[in-house]
Amino acid sequence: FNWEKEFPQVFKNGGFDVVVGNPPYVKLEVIKQISEQLELLNFKTFDKRGDLYVLFVEKGFDILNSNGLIAYIMPNKWLQAGYGKKLRAYFLTKQIHQLIDFGDIQIFQGATTYPVIFTAKNADPNKDFKVAVLKSATAADFQTNVDVSTEIFDTSTFSEDTWVVSSQENNKLLERLKQKFVSLNEFVGGKALRGVLTGLTEAFLISEEVKNKLVSEDANVQNVIHLFLQGRDIARYAYPQPKNYLILFEKGVTKKQIGEKSDLEAWEWLKHNYQPISNWLYSFEEKAKKRTDKGDFWWELRACDYYSDFKKPKIMYQKFQVKPCFIYDKQGLYCNDSMWIIPTGNKSLLGILNSKMGWWLITKYCTQIQNGCQLIWKYFGQIPIPTLNGELDEPVKNMISSNKEIDQIKSNF
């Protein structure tokens, strides 16, 4: 759209006086062809992993005159998301007047969104701007809620890094913690890993009853059947006792055993060495072959260079949490992709993550969902972690033992 051509009288005076909008919320990854075209237009805020609303912000400023005002309502994810880095830097070149963050208050009927309203001027930045994080939002007392929630933030305290706007006090505390401690990402050597993707749960995830039947037919199959934990089966400090199992043939394991053979020869190898499993999987052959994430053969899972990490002591956690939910595992549990693992035997770290302070940090760094947070690693990995030398190991062990005893008592009733 050629704004200058369509509005010649407006741009004779440098652009619009006011731009107001509710831009579209569309991930650029789902409009790939359009995204590739947008990339060629040299938007300063473009990120192919980002969202279309970000570009509407920049376009809104572009069509303003030198002192024009702009106000949008749009998702608040840019405050923390990696794709919002360029937008945060861009905003700091403009005169922000106010941010009104609705948190997880839902204001659009029939749609789950986490909106923020910004108002700004197309001018050089001021030394400060207003921020209101709302606890409630009804039309009748909206302005009152904004007024009582408003704080003044120093513009110089913000950078292209994550913006925490919950309160001045929180911002100062977070800055102190960041200066004093290392990030979780650095603490664990940058390693947090997603759970296993099978591409066909009904085939590769089996019940205890099916597992016992297969083992009774041939004990050798135990080598490729592993305890499997689903996200809904865990609670804070729990000692999990999963009832499901994963059939796992890693990509490449068949060729490692028999070399480059035909599909038929490979299948004969599987039947010879793991006949109960080949019998079980046979009925899923057609569906398994259609997977895009299989290994060299349809009974293998997709390539993954960290399967061995599931066998090590580790912290496991749900990706979506409404309260802290981290567990310690040394049983060699695998899990689905609703969970992530941190390969570490540091029990004190588990204590930090399950603590009130740990949850407070998570809520400041991670993307909000209704009543909770989505623990995406690139945000979750930023939370500051103190030096830990086993100070919390015993209390954590006690918590795990207590929960295990409670579960055993419950199971007897």
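These legends go with three close-up views of a predicted model.

**View 1. The largest cavity and the residues around it.**
Here's the one cavity of 30 Å³ or more that turns up in this model. The largest cavity holds about 40 Å³ of space. Going round its wall, you meet Phe-91, Leu-92, Lys-94 and Ile-96, then Pro-125, Asn-126, Asp-128 and Phe-129, and finally Thr-155. Sort that lining by class and you get five nonpolar residues, two polar ones and two charged ones.

**View 2. Helix α6 and its buried residues.**
Helix α6 runs over residues 142–149, and its buried residues are Asn-145, Val-146 and Ser-149. Look down the axis of α6 and these buried residues fall within an arc of 100°, so they line one face of the helix. That fits the usual helix geometry: with 3.6 residues a turn, residues three or four places apart point the same way. As for what sits over the buried residues of α6, the cover includes the strands β3 (95–101), β5 (128–133) and β6 (150–154).

**View 3. Asp-47, a buried loop residue.**
Find the loop between α3 (32–39) and α4 (52–62), and you'll find Asp-47 in it. Is Asp-47 buried or exposed? Its relative accessible area is 13%, so Asp-47 counts as buried, the cut-off being under 20%. Set aside the neighbours within four places in sequence, and Asp-47 is in contact with Leu-28, Gly-82 and Tyr-83.

Definitions and conventions:
Residues are numbered from 1 along each chain as its sequence is written. This is a predicted model: local features need pLDDT of at least 70, side-chain atom pairs count only at pLDDT 80 or more; totals for chains, interfaces and linings use all residues. Side-chain values use heavy atoms; hydrogens and water are left out. On a 1 Å grid over the protein atoms alone, a cavity is a set of points where a 1.4 Å probe fits but cannot get out, and a pocket is an open set with protein on both sides within 12 Å along at least five of seven lines; lining residues have an atom within 4 Å of a point. Grid points are joined across faces, edges and corners, and a volume is the space filled by probe spheres set on the points. Ala, Val, Leu, Ile, Met, Phe, Trp, Tyr, Cys and Pro count as nonpolar, Asp, Glu, Lys and Arg as charged, and the others, Gly among them, as polar. Buried means under 20% relative accessible area, exposed over 50%, partly exposed in between (1.4 Å probe, protein chains only). Helices (H or I, at least four residues) and strands (E, at least two) are DSSP runs, numbered from the N terminus. The arc is that of the directions from the helix axis to the C-beta atoms. Contact means heavy atoms within 4.5 Å.
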